[in-house]
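Visitor: I should like to go through this model and ask, point by point, what each description rests on.

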Amino acid sequence: MSNWTIEDAEELYGVKRWGAGYFSIGEHGNIQISPNHRKPDVFIDMQEVLDEMQAEGIQFPAVIRFHDILRSQVEILNETFRETITNAEYEGEYVGVYPIKVNQMREVVEEILDAGEPYNYGLEAGSKPELMAVLAYNDNSEALTILNGYKDEDYLTLALLGRHIGRKMIVVVEKFSELEMLVRLAKKLKIDPMIGLRSKMMVRSTGKWSSSSGDRAKFGLGIAEIVNAIEYLKEHDMLHCAKLLHFHIGSQLSDIRKVKEAVTEGARLYAKLVQMGVPLEYLDIGGGLGIDYDGSSTTTDSSRNYSTEEYVADVVYGVKQICDLEDVKHPNLVSESGRAITAHHSLVVTNVVGEVNPAATNYDVSPTEGEHVLVSNMRELIGANDLHPQERFNDAAAYKQSAYEAFKLGILSVLEMAKIDTMYWMTLTEIHSALDDETRQIQELEELEDTLASQYLANMSIFQSAADTWAIGQLLPIVPLIRLNEKPQVRVSIADITCDSDGKIGKYIENNHISDNIPMHRLNKGESYPIGMFLTGAYQDVMGDMHNLFGRLTEVHIFSHDDEPGAFYIEEIVPGHSAEKVLETMQYNTDYMAKMVKKAIDKQIRKGHLAPREGVRWTDFYERCLSGSTYLRYDK
Ligand SMILES: *Cc1c(COP(=O)(O)O)cnc(C)c1O
């Protein structure tokens, strides 16, 4: 224990590998955050954040947002494009957009727009409500608004309203009928739209979103449809409105070679269309810039084998090369990075509220007179270190099976079963701790690690806070927030508090590989054990559902500030959903519910079964719970 160092913890949990410069472990063994890429020496100590949250009465679970990380990511992406464009003597500009579907929280969108203002960074919407939000919020007339997704007349009319109020709104045509509708509406309303054409792309990306490209892709026009669209625009004297060529081959692109391939295909198509007389000005390369969730820098689904610099260079130099060869003016470049902008800025913090471990049973196993032979057999395995571990394991399993049969036949009592069960787990624990390099090779014995791992119960719902871990096996780093200067001594997996066996985390990062469970610290009685689930800012924050009626989490918005104690302040607290609120979304009338419970209590008072004061206390308690959190309330 004494020679466990911060470096060991760093190696085990890989914080720096996935932390992208924002997260690391401080000298006191707490997670620390360096949220501003321009001030890498300013650190926020997680313990101080937790202390302040407690002082504010904020309960777990909560989402912590670091606004400076959002700003940093916007600055890094825009500055990388600008620098690369200058170095490459590229003649177009970079005018990126943030796709709000990745995290539509108003505060997130506002922060991104504010940080992006100097770069004319815009927004992307993919549905009517998203369009209504971007119409109201993206009021920078130099920034683009890109409109993707399937559209109806109202959607297109709102886009034309955007043109009316001076916005650079580009309607990206996802299917041919949208073009017909748009042309008709534009003529009727006498407004020139800005039109983008989305290409289906022939390149096939890899990873979980590979179906976003190729012939069977859900969105976009095939090559013949693009040619038809151009003819159609010509016929209607609207070819001058065609401004942008768009593609998006999938999210979380793990392999840079696919990016290069897509850029080559997209730039070639762009150049050929310009040569055909289409007055395009923008090439939009979509999203897909990946995040290294597991810190491995590989092409696994949860990683990426390239840096942001490399991605940007491949785009800028790739487009330049092809346009130069084709003798076509360099287009302005648009990208729609969502995941890369938002993933790092938020995390879920919660506490471990309990432990489920069959091996932790402790019932008095001392021998009693006349006990059944199965009980004494099992007892003989305890401390039997001279037996070969495999033999000892086989015996334990066989005795347990016999005991089970005997219990079903009524031969063993409940108390005897309790003893046998306790001794069985004691034996397995002993076998496991005595394994050496050789015996660990035996599969059944190696699996003991998993069998004996505890489940730590985290006060959260993965369906609300980490939907992708359940839906598509997304890996998210989970790390204790404190005590990282202590050697972790138990292997655990994390389960949530929903009544769903799927409510658990199945994959962990351990020493740069993926593991089924992870070492953590023993829970100390009366002490909170806070853990963090990191990189939840993209998609996870906003995709969650209310399985078991666990609602949205309380949010804590943090800004870094050099002059504040601890270099931060809590700028805003957004209360999470109360029980009342989630019940109401399911059509319950909570006033009625409170009234019915009160009525039942009053009846007991009238019958004399409850004292009036006591009845009032119960009524108040029910109402207090309605307005309270949906999660467990643990003061420690
Ligand atoms: C989802 C989506 C994006 C965002 O992709 P990321 O991988 O999160 O950057 C961008 N463009 C379109 C069209 C999308 O559907």
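Visitor: Why is glutamate 153 called partly exposed?

Guide: The model is a predicted one. Glutamate 153 has a relative accessible area of 34%. Buried means under 20% and exposed over 50%, with partly exposed in between, so glutamate 153 counts as partly exposed.

Visitor: What makes the contact between arginine 184 and glutamate 153 a salt bridge?

Guide: The criterion is a side-chain nitrogen of Lys or Arg within 4 Å of a carboxyl oxygen of Asp or Glu. For arginine 184 and glutamate 153 the N to O distance is 3.4 Å, so the pair meets the definition of a salt bridge. Arginine 184 belongs to helix α8 (residues 176-189) and glutamate 153 to helix α7 (residues 153-164), so the pair ties together parts that are 31 residues apart in sequence. Arginine 184, at 47% relative accessibility, is likewise counted as partly exposed.

Visitor: How do you know that glutamate 281 and lysine 243 form a salt bridge?

Guide: The closest N and O atoms of glutamate 281 and lysine 243 are 3.3 Å apart, and the limit is 4 Å. Glutamate 281 sits in the loop between α10 (256-275) and β11 (282-284), while lysine 243 is in strand β10 (residues 242-246), so this pair ties together parts that are 38 residues apart in sequence.

Visitor: Which is buried and which is partly exposed, glutamate 281 or lysine 243?

Guide: Lysine 243 has 18% relative accessibility and therefore counts as buried, the cut-off being under 20%. Glutamate 281, with a relative accessible area of 36%, is partly exposed.

Visitor: What distance supports the salt bridge of lysine 272 with glutamate 326?

Guide: In this pair the closest N and O atoms lie 3.1 Å apart. Lysine 272 is part of helix α10 and glutamate 326 of helix α11 (residues 308-326), so parts that are 54 residues apart in sequence are tied together. Lysine 272 is partly exposed at 39% relative accessibility, whereas glutamate 326 is buried, with a relative accessible area of 12%. Elsewhere, Arg65, Asp541, Arg552 and Glu555 are joined into one network by salt bridges that share partners.

Visitor: How many salt bridges does a search of the whole structure find?

Guide: The search finds 31 salt bridges. The protein in which they occur has 23 helices and 22 strands, and 54% of its 636 residues are buried.

Visitor: Why is helix α5 described as largely enclosed by the rest of the structure?

Guide: Helix α5 spans residues 106-116, and 8 of its 11 residues are buried, so the description follows. The buried residues are Glu107, Val108, Val109, Glu111, Ile112, Leu113, Ala115 and Gly116. As for the annotation, UniProt, in an unreviewed entry, places the feature "domain: Orn/DAP/Arg decarboxylase 2 N-terminal" at residues 93-343. Over residues 93-343 the chain is 41% helix and 13% strand.

Visitor: What makes the patch of Lys595, Lys599, Lys603, Arg606 and Lys607 one of positive charge?

Guide: Lys and Arg count as positive, and these five names are Lys or Arg residues gathered on the surface. To belong to a patch, a residue needs over 30% relative accessible area and no salt bridge, and like charges are joined within 9 Å. Lysine 607 itself lies in the loop between α22 (590-606) and α23 (612-627).

Visitor: What is notable about the backbone at glutamine 252 and leucine 535?

Guide: Glutamine 252 has a positive phi of about 50° although it is not a glycine. Leucine 535 also has a positive phi, near 60°, and is a residue other than glycine. Glutamine 252 is in the loop between β10 and α10, and leucine 535 is in the loop between β20 (530-533) and α20 (540-543).

Visitor: Why are glutamine 252 and leucine 535 called buried?

Guide: The relative accessible area is 2% for glutamine 252 and 0% for leucine 535. Buried means under 20%, so the term applies to glutamine 252 and to leucine 535.

Visitor: Which peptide bond is cis, and what is its omega?

Guide: The bond from phenylalanine 60 to proline 61 is cis, with omega near -5°. Proline 61 lies in the loop between α3 (46-55) and β4 (62-66).

Technical notes
Residues numbered from 1 in each chain as written. Predicted model: local features only at pLDDT ≥ 70, side-chain atom pairs only at ≥ 80, totals over all residues. Heavy atoms only, no water. UniProt positions renumbered as here; feature names shortened; annotations may be inferred. Helix = DSSP H or I, 4+ residues; strand = E, 2+ residues; numbered from the N terminus. Patch = residues over 30% accessible without salt bridge, like charges linked within 9 Å, V, L, I, M, F, W, Y side chains within 5 Å. Areas by Shrake-Rupley, 256 points an atom, 1.4 Å probe, with all protein chains shown as cover. Charge placed at Lys NZ, Arg CZ, Asp CG, Glu CD. Buried < 20%, exposed > 50% of the residue type's maximum accessible area, 1.4 Å probe, protein only.
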